[in-house]
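Dear colleague,

I am passing on the structure below, together with some notes on what turned up in it. Please read the notes with the coordinates open beside you.

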Amino acid sequence: MSTKRAATGFKGLALAPVTQNDLTAYSSSKAEALPFAGSMSRTSKESVTDLYYDDDLYAQIKSVVGEDVEIRVAEVPLSRMAELGMGTYNAETETLEADFNISGKEYALRFVVDTISGLPYYFNYRVFEMTGIRFDNFTTRKDSISVCEVIITGVLKRPQMGGLAPWAVMQLKEDKSNQDACLAFLTADETHN
């Protein structure tokens, strides 16, 4: 009997600033984790019907290049925004001098899609062109606590370097022997030339 691989949700979101994306080379620096990711949605550029097997939605590995993506996270520490190139952080005053006019900035978008078998997929979309970042407030049910939600929008694109695939994916083995490699896959810098 084969292992069930139905998708149950995503986690482990990280962004890696792309340092070179041209016809001769592609590189990204080390990824910075966004640990409080709440949801990620994409606007499909194609008409697709989700397929269900055994009453579960299975992870569909397909090209989503050109699709608009919206990521919602409950919180992004100010120092993390600076590490992602969104401003300059002063640790002494705990102040971020930010410029959210980030249209055209490119990142590698990495995340984990969990499965009911407990053997998640690890995705690396090499070019996520950020188109905007904004803040939205929402109130929780208990005690009416207001939370500042960060909304990141962008478009998945193909790298300019010919022959370089737009994304890569790994899956955790049943014996978990490649767990360290999978975790490194999420955060490591990447170079192709």
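Leu-34 is buried, with a relative accessible area of 2%, where buried means under 20% relative accessible area, exposed over 50% and partly exposed in between, with a 1.4 Å probe and protein chains only. Before going further, please note that this is a predicted model, in which local features need pLDDT of at least 70 and side-chain atom pairs count only at pLDDT 80 or more, while totals for chains, interfaces and linings use all residues. Residues are numbered from 1 along each chain as its sequence is written, and side-chain values use heavy atoms, with hydrogens and water left out.

Leu-34 sits in the loop between β3 (32-33) and β4 (37-43); strands (E, at least two residues) and helices (H or I, at least four) are DSSP runs numbered from the N terminus. Leaving aside residues up to four places away in sequence, Leu-34 touches Leu-13, Ala-14, Leu-15, Val-73, Val-76, Arg-80, Leu-84 and Ile-152, a contact being heavy atoms within 4.5 Å. Between Leu-34 and Pro-77, which are 43 residues apart in sequence, the C-alpha to C-alpha distance is 8.8 Å.

Thr-115, in strand β10 (residues 106-115), is also buried, with a relative accessible area of 3%, and a polar atom of its side chain lies 3.1 Å from the backbone oxygen of Leu-119.

Two loop residues other than glycine have positive phi values: Glu-94, near 55 degrees, and Lys-176, near 60 degrees. Glu-94 lies between β8 (87-90) and β9 (95-98) and is exposed, at a relative accessible area of 56%, whereas Lys-176, between β13 (167-171) and α2 (179-187), counts as partly exposed at 44%.

For the chain as a whole, the secondary structure comes to 2 helices and 14 strands, and buried residues make up 36% of the 193 residues. Of the contacts between residues at least 6 apart in sequence, 66% join residues at least 24 apart.

As to confidence, the chain averages a pLDDT of 79, and 74% of the residues score at least 70, pLDDT being the predictor's confidence in each residue, from 0 to 100. Among the elements of the chain, strand β2 (residues 26-28) has the highest mean pLDDT, 97, and strand β6 (residues 56-57) the lowest, 49. Where pLDDT is low, the predicted coordinates should not be read in detail.

With best regards

Technical notes: A polar contact is a pair of N or O atoms within 3.5 Å; within protein, one must be able to donate a hydrogen and the other to accept it, and residues adjacent in sequence count only if both atoms are side-chain atoms.
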